[in-house]
Amino acid sequence: MGRRNEPPRLPEAGFAAWSRDRLAVARRGAEECGDVWQLEPGVYVAAAAGPCEAVLRRAQDFPKASSPLFPALKRSGGAPTPEERAHAHAARMRGLRAQAVAGRIGEIAPQTARFADQWPTGQDVEILPPIRHTLAEIGVSYLFSEDAPTLLPYAAQLFLAREVLVHPSRWVWPRWIPTPARRFRTRQQVAFTDALRPIVRRRRSSGRLGDDMLGQMLRPSPHYGLLPEEAILDTLPGITVATFETPSRAAGWILLHLARHPQAAGRVAAEAASLPADPPATTSAHLGSLQYTQALVSEVLRLYPPSWLLTRRAPRQTQLADYTIDAGSTVLVCPYTAHRDAREFSEPDRFQPERWLDGSDSPAKPGVFLSFGTGPHGCEGASLAMAMLTLLTAQTARRHHLSEPPGPEPGYQVTTLEGLATVGLRLRATPRG
């Protein structure tokens, strides 16, 4: 059966060209071509909020591509089975669910306060590297507690391997070809798992499993039993990098908005004044009281979702909006354009944190929000990411006024290939009175 009707074609055909033209082309395509449109044969773009949410929720029709950045290492026992992957996912979620994060806010808060305290004042600072280091410390500590210092250097190398692997290339090599970037990735993954293996064995042999996420994975499940060691080792490199890589991109946009919207920053600072002077005393109740700060974080994530483009593939012919999607087609989900859908958000291009607050003076309730995905493959670490970003924002605004360097051009470059980031972002901090 053919397509019911052929969607309009974007003038700049080809995904590579579209990526180079980046957000302007994505926005223009959404405005000119409609809710769903064809980028090239076999490649569709879901641009409006409704189709984007539908694709992510319909996991059977549009499953997530099975191409993890850190695939299972080749071993004599083979890759983890589907049952082991399901068990590993359930075990991770025991450590990452909102209730688990809430119980460990006192461990997260001190490092966000230290980031603000150590920011050099009175000079323009390239801020993404220290943000990434701070969030890596928080994320790795959350996953591995007292073993985090051992694993943090290996986590940094995993991040570097990720950056090398996703760096734009003029050639697209088949997955089976061992390119230098893929060999480097494998070496770093092996080094990480070799460092983690004795930790897993020590915890199991001693019976002191720990209350961190690794400890949750070491506990037997009533349904699955004991998770095999190799399944634990294979699942952790990706989640380790994810705890700080994507939040780092988001934090850059958040701090830039604090610099550009001093009135909003002042409101965050006033709210943050209620946080304990001793950061380890911070609790989930304190975090819950930062309602405007959380609204500001959500609004920045809406305007600049760190993962601005998500890929799904249709294993069989199916329908999306008014179109028939053939089996084997790729569907690109664009949260960036979905979040700027005027049917979901009033004044969608305006920075307006108040839209996320309850109250008669708030704008209309916001609609579809996809910065952490949705459906079966939504972000596992969404609660942890929101806690880290909210506390980092509050502690920074509490201590500093932020500003951009003077000049006609912004002091950063927007990159969009794998995520929406502010590369080279420079900001100046002056102490808040």
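In which strand does T324 lie? In this predicted model, T324 belongs to strand β6, which comprises residues 323-325. With a relative accessibility of 1%, T324 falls under the 20% limit and therefore counts as buried. The side chain of T324 is joined to that of Q319 by a polar contact of 2.7 Å.

An open sheet is built from 3 strands, arranged in the order β3-β11-β8 with antiparallel pairing. The edges of this sheet are formed by β3 (124-126) and β8 (400-403), each of which pairs on one side only. Between neighbouring strands of the sheet the average turn, with direction ignored, is 40°. The pairing of β8 with strand β11, which covers residues 426-431, is antiparallel and extends over 4 bridges; within β11, R428 is the residue that stands opposite S403. In general, the strands of a sheet pair through backbone hydrogen bonds, in either a parallel or an antiparallel manner.

Helix α8 runs over residues 180-206 and contains 27 residues, so that at 1.5 Å a residue a span of 39 Å is expected, and the separation of 40 Å between its end C-alpha atoms agrees with this value. Just after α8, a positive phi of about 80° is adopted by G207.

The loop between α6 (128-144) and α7 (148-166) contains D147, which has a relative accessible area of 6% and is therefore buried. When residues up to four places away in sequence are not counted, D147 touches I199, R202 and R203. The C-alpha atom of D147 is also separated by 9.0 Å from that of L196, although these two residues are 49 residues apart along the chain.

The cysteines were examined next. A disulfide is a covalent bond between the sulfur atoms of two cysteines. A search of the whole structure returns 0 disulfides; for C52, the nearest cysteine sulfur is that of C334, at a distance of 6.5 Å, and C52 is in no disulfide. This separation does not meet the criterion because a disulfide requires the two sulfur atoms to be within 2.5 Å. C52 has a relative accessibility of 0% and so counts as buried, whereas C379, at 40% relative accessibility, counts as partly exposed, since that class lies between the 20% and 50% limits.

How values were computed:
Residues numbered from 1 in each chain as written. Predicted model: local features only at pLDDT ≥ 70, side-chain atom pairs only at ≥ 80, totals over all residues. Heavy atoms only, no water. Buried < 20%, exposed > 50% of the residue type's maximum accessible area, 1.4 Å probe, protein only. Helix = DSSP H or I, 4+ residues; strand = E, 2+ residues; numbered from the N terminus. Expected span 1.5 Å × (residues − 1). Pairing = 2+ DSSP bridges. Axes fitted to C-alpha atoms, helices over the stretch in contact; angles between N-to-C directions. Polar contact = N/O pair within 3.5 Å; in protein donor to acceptor, adjacent residues only side chain to side chain. Contact = heavy atoms within 4.5 Å.
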